[in-house]
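Q: Could you take a close look at one part of this model for me, the place where helices from two chains meet? A connected walk-through would be great.

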Amino acid sequence: MSIENREEFRPKIVAFCCNWCSYAGADLAGSSRLAYPADVKIIRVPCSCRVNPMFILRAFEKGADGVILCGCHPGDCHYTTGNFYARRRMTLLFSMLEYIGIENGRTRVEWVSAAEGVKFSTTMNEFVEKIHSLGKNVRLGDLRCRN
Amino acid sequence: MQELIARAKELLADGSVARVLGWKAGDLPYNPEPAYFEKEEDFENFVYDGFCGANLSKYMIEACKLEGKTLVYLKPCDTYSFQELMKEHRVDREKAYIIGVGCKGKLDIEKIKKQGIKGIESISGAEADGPAETLSFRTVYGEKTCSYADGMLERCHVCKGKEHMVFDEIIGESKDTKDADRFAEVEKIEAMSPEEKFAFFQKELSKCIRCNACRNVCPACSCRKCVFDSNKFDSAQKANVDSFEEKMFHIIRAFHVAGRCTDCGECSRVCPQGIPLHLFNRKFIKDINEFYGEYQAGADMEPRTPLTDYVFEDVEPSVVTERG
């Protein structure tokens, strides 16, 4: 039976989390024992606006199936305005990805504060589910970048 | 053209400018190239006609570092780029003497060749001034003609206007050439299904040979060190596989100039493979207009550009998914 079992699709999901809100939110989710899928790999960034559009495309090139960016709620940025800039950049980038024909559910931005452990875990659960329904990322990969 | 030469010689002679940045005739009747003119006799090769599409404002970044003033000829659309560079402190207004030249639309040799006009020996009707509506070609296959508007660059059909944004003096008459909607092509692609969109860009972008001409010619793309020159970057070079590499390059190239791109159309003009690169830049311009209000880069000296500005009520990135 085990031979017939096809390998289940395990998506690779990259979550860029801001150090001050979302990373602490993820911590809270952990200490509150809220489950979220292990497919989510968190990368801590100092602020959501540290995330260059290139980071997101590079993550896809290297084989990510979904990329999510989490930051402080607008107005709550530790550096006052960082997430406002990130918001404009990501809006344009996501719109461009849609324009060239990439399924638009593969990218997402969510504002998660340090107190929102529940939101963090539900967001991740939802996002992983969404990626499961979209399947493997074939359009954005680059063979040379796979290790 | 004679007027431009006479004025340049005058300014060179009285020492108010040290050099002139203009166009010199190339080896073929349709490929003039940007050039410096420092002495009176250099002007023998000076040319300004319908094929002088090159935007000289980018050359001013380097010219402003030289000793003395540089006289530069700028077409109306080039002055947007120049003003954008002034805003970014990449050029020194004091070091430039700008002569705004008239423009009645610039010609695209590739478009003319597509109409079956090949083996061109000489061209008449392409003069920058003058009322000519038709172009006549003497080719090895005989005489051929085509209307001026049919040979025009795509960017001239969606011209931003014939007003110079920044100049010291204006020589020559301009003629309005706008006869198409700037975003029509973008809207056409937006209406396609994701599969069609992907197939369209795959087809266009797989022609890319990564010569970097679009990057090198762009007046907004003027970083001294470019991210795509890094050898640590494993997809910096072209690969012979259907990969995401070209798309990544073109998205990032367009993204790095988003909000600063004046839509001068140089990227599409210089592309040796004829990729419609302006479609990327225009998509960003369209989105910026839609989400953050109408904006034309280079039209003013306002320091806040769409991507260096924000308001609390900005749309959330999820608007893209919701829009469908």
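A: Here's a look at that helix pair, followed by a neighbouring topic in one of the chains. This is a predicted model, where local features need pLDDT of at least 70, side-chain atom pairs count only at pLDDT 80 or more, and totals for chains, interfaces and linings use all residues. Residues are numbered from 1 along each chain as its sequence is written, with chains lettered from A and ligands numbered from 1 in the order in which they are written.

The pair is α2 (residues 53–61) of chain A and α9 (residues 245–256) of chain B, packed at about 175° with axes 10 Å apart. Helices here are DSSP runs (H or I, at least four residues), numbered from the N terminus; axes are lines fitted to C-alpha atoms over the stretch in contact, and angles run from 0 to 180 degrees between N-to-C directions. That makes α2(A) roughly antiparallel to α9(B) (over 145 degrees).

On the α2(A) side you've got A:Pro53, A:Met54, A:Leu57 and A:Glu61, meeting B:Met248, B:Ile251, B:Ile252 and B:Phe255 of α9(B); contact means C-beta atoms, placed from the backbone, within 7 Å. Those residues split into seven nonpolar, no polar and one charged (nonpolar: Ala, Val, Leu, Ile, Met, Phe, Trp, Tyr, Cys and Pro; charged: Asp, Glu, Lys and Arg; polar: the others, Gly among them).

As for chain B itself, an automatic or database assignment gives domain 1 (1–108 + 159–180) and domain 2 (181–324). Their centres, over C-alpha atoms, sit 26 Å apart, and 17 residues of domain 1 contact 17 of domain 2. Helix α3 (residues 76–87) of chain B supplies the largest share of the domain 1 side, eight residues.

Notes. Helix = DSSP H or I, 4+ residues; strand = E, 2+ residues; numbered from the N terminus. Parallel < 35°, antiparallel > 145°, perpendicular 65-115°, else oblique. Contact = placed C-beta atoms within 7 Å.
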